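Colleague: I should like to learn how helix packing and sheet order are read from a model. May we take one case together?

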Amino acid sequence: MARGLFLRLVLSALCAAGAAAFLYHDYCVLGAGPAGLQAAYFLQRAGRDYVVFERSHAPGSFFAIYPRHRKLISINKRHTGKSNSEFNLRHDWNSLLSHEPRLLFRRYSRQFFPHADAMVRYLEDFAAILGLRVRYDTAIVHVTLEKEPRAWNGHYFVLSDQNRQSYKCSCLLVATGTWVPNVVNFPGSEYVEGYETVSTNPEDFAGQTVLILGRGNSAFETAENILGVTNFIHMVSRSRVRLSWATHYVGDLRAINNGLLDTYQLKSLDGLLEGDLEDLAIVKDKKGKLHITLRFYLENKNISAGIDGITLPQDELDNFATRAPYDRVIRCLGWKFDFSIYNRSLRMMPGRGNKSKYPQIKPNYESRGTRGLFVLGTASHSVDFRKSAGGFIHGFRYTTRAVHRLLENRHHGVPWPSAVYPITQLTNSIIRRVNEASGLYQMFSVLADIILLRENATAFEYLEEYPVGILAELETQTGRKAPAGLFVVVMEYGRNFSGDDKDVFYYNRAVGEAQHAWQSNFLHPVIYYYKRLPTEREMRLHPPDWPLPRPDAIHHIVEDFLTDWTAPNAHILPLRRFLENCLSTDLRNFFAESCFLFALTRQKLPPFCQQGYARLQGLIGNERLRRHAVEAGLLEDYAVMDFSDDKLPDSRQGSQDQLLRDHVIPLRPLHHFVNAKDEF
């Protein structure tokens, strides 16, 4: 805070000296959508100097328009049978994280798939109730860099709005989402209507024949809206349809929108085709009908001259699939990030291949081109594209919190939050988190709990929801040390279970036996053990289907139909034995009688006894203990023993307590006390 105050004083002095007028903040957040508001919440709770810029008059402007047919595909499960708020967030895909119980989305909609207007109301209340600092009607139109060695990252970000007002900040958080429509240009593409403007009134399509370009949720959402009034609908895209229940990726086609799959497979005129959209061409005839042809047929042809004289595919192949003319062609190809406002000095570059719609960022969500520029929300999805939920509210609410924690350590010296426990609590800590934590559950294979072991494995430090992609940098990124090894707790699906070509309903698809846990298919906890932090090179070279490098040991907790990993034999006992093998210690909890016996018969006590009984936090040796030991069968009752062969010493020679210390007493076998009740 002192450093930020100093920077503001310096900037104010420069302003007074005649420099161009600008406003300074430590943090600038672009966009007041869900990710921007989530970042603002964490900054405000930490007492940081920040501002959010929003081009619209209210937060969540994207949801005021999209989805066009107003039904969200993010689930709103209001009842789970449990009162644990963290667990319930696993099935609440719309709420942002806050301390305010009023700001849970279930209070805004009773629908399982809510209306988009409910999201708009929710975001408005989130900003207002929490008093977040948002500048509405402020469109940032240009962002550039200004070198300054005294700044946090060696430069300031200079922002200009539509009114030519300038702002400076030391750290830029980009949460603008992906809102620029993807467009494919081909001959005749001017006849194509866009998802963003096409009518949502089904009656406008009555008796028409429609071609939809695209195969995502927006395409199927559009088809679902007009399915009952059209002659037929054809859908064409380069890739085959991907069903979310097969890929386990929430961005793929959801069941709520897939009615056209029924009408296609049940032969009710509608259909799906695969083809490269850039190879297509559209020709309009005199009646206004749209004919599909291929680009190479139009070489050296004048398309504006009309359909006469142009060769169509059906002229050579009379059963060409799209030979019937269409009344309308609709483009539903999704969205991409807006790179236009960023100066070249920021080196904001698009990703490669199917990630080209996102900016290039590192696993810590920082731009690859500019230090101090972080991308949040949907636009940060390149980190886990087609793998996890980082492009959706129920995922990026946790990655946004992770970025905030990284910034707190980097700029303010606040280490990553952690808790220290005695080693005997290790099993319980893991079991609790895998059964409750929403961040682990939603951001599977991306965020992980890190358990840092203390010297001699007497205690451990627990860090929650750390990005696994920067595990090698853990000590510098969190301010925590890993001197004696670590465990990494993640959630994973089976290696070969998910995919658009997988049959996820095959017989015997689930694993129930603990000894076969490594073959689990459904989401389940996996614990990696490393004797030291992996290096950056090891992170780069990890197996492609693994989230982490090969560990020194690994344990899968067998999948569970109820996602409830609390079964003593199937879940807890195998986990505890795995941890004990890694640590070469006994993690069981014991009754005082067992600790007392171990103190008499073992050179080294189990940790539970060391931290309790042996530190006088258990039973203290006295007459009451002696009597308890007799009643429990640990000791013979020497008070009634026959000492006729060697006389009992008188009171001057010692008390009965002295006899207890000196006299050799036979003990019962150990198994009497170390039984099934001690195993857990």
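Modeller: Let us start with a pair of helices. This is a predicted model, and in it α10 passes α14 in a right-handed crossing.

Colleague: At what angle do helix α10 and helix α14 pack, and how far apart are their axes?

Modeller: Helix α10 (residues 426-436) and helix α14 (residues 568-583) pack at about 130°, and their axes lie 10 Å apart. Angles over 145 degrees count as roughly antiparallel and those from 65 to 115 as roughly perpendicular; α10 and α14 are therefore oblique to each other.

Colleague: Which residues of α10 and α14 meet?

Modeller: From α10, the residues are L426, T427, I430 and I431; from α14, they are I572, L575, R576, L579 and L583. By class, this contact of α10 with α14 comprises 7 nonpolar, 1 polar and 1 charged residues.

Colleague: How is the order of an antiparallel sheet read, and which strands form its edges?

Modeller: One follows the pairing from strand to strand. Here an open sheet of 6 strands, with antiparallel pairing, has the order β17-β19-β18-β20-β21-β22. Its edge strands, β17 (418-422) and β22 (553-556), each pair on one side only. The twist averages 20° from one strand to the next. Between β17 and strand β19 (residues 459-467), which run antiparallel, there are 5 bridges; V420 has E461 in β19 as its bridge partner.

Colleague: Where do the two helices lie with respect to these strands?

Modeller: Helix α10 lies across β17, β18 (447-453), β19, β20 (486-492) and β21 (524-530), and runs at about 20° to β19. Helix α14 also packs on the sheet, where it touches β18, β20, β21 and β22; its direction makes about 175° with that of β22.

Colleague: How does the parallel case read?

Modeller: Another open sheet has 5 strands in the order β8-β14-β9-β10-β11, with parallel pairing. Its edges are β8 (193-194) and β11 (271-274), each paired on one side only. Strand β10 (residues 232-237) pairs with β11 over 4 bridges in the parallel sense, and H234 has G271 of β11 as its bridge partner. Helix α5 (residues 217-226) lies across β9 (209-213), β10, β11 and β14 (328-331), at about 175° to β10.

Colleague: Which element has the lowest mean pLDDT, and which the highest?

Modeller: Helix α18 (residues 656-662) has the lowest, 39, and helix α2 (residues 34-45) the highest, 98. Over residues 641-680 the pLDDT is below 50, and this stretch has 47 contacts beyond near neighbours in sequence. Where pLDDT is low, the predicted coordinates should not be read in detail. For the protein, the mean pLDDT is 87, and 87% of its residues reach 70 or more.

Methods:
Residues numbered from 1 in each chain as written. Predicted model: local features only at pLDDT ≥ 70, side-chain atom pairs only at ≥ 80, totals over all residues. Heavy atoms only, no water. Pairing = 2+ DSSP bridges. Contact = heavy atoms within 4.5 Å. Axes fitted to C-alpha atoms, helices over the stretch in contact; angles between N-to-C directions. Parallel < 35°, antiparallel > 145°, perpendicular 65-115°, else oblique. Left-handed = near helix turned anticlockwise from the far one by under 90°. Nonpolar A, V, L, I, M, F, W, Y, C, P; charged D, E, K, R; others polar. pLDDT = per-residue confidence, 0-100.
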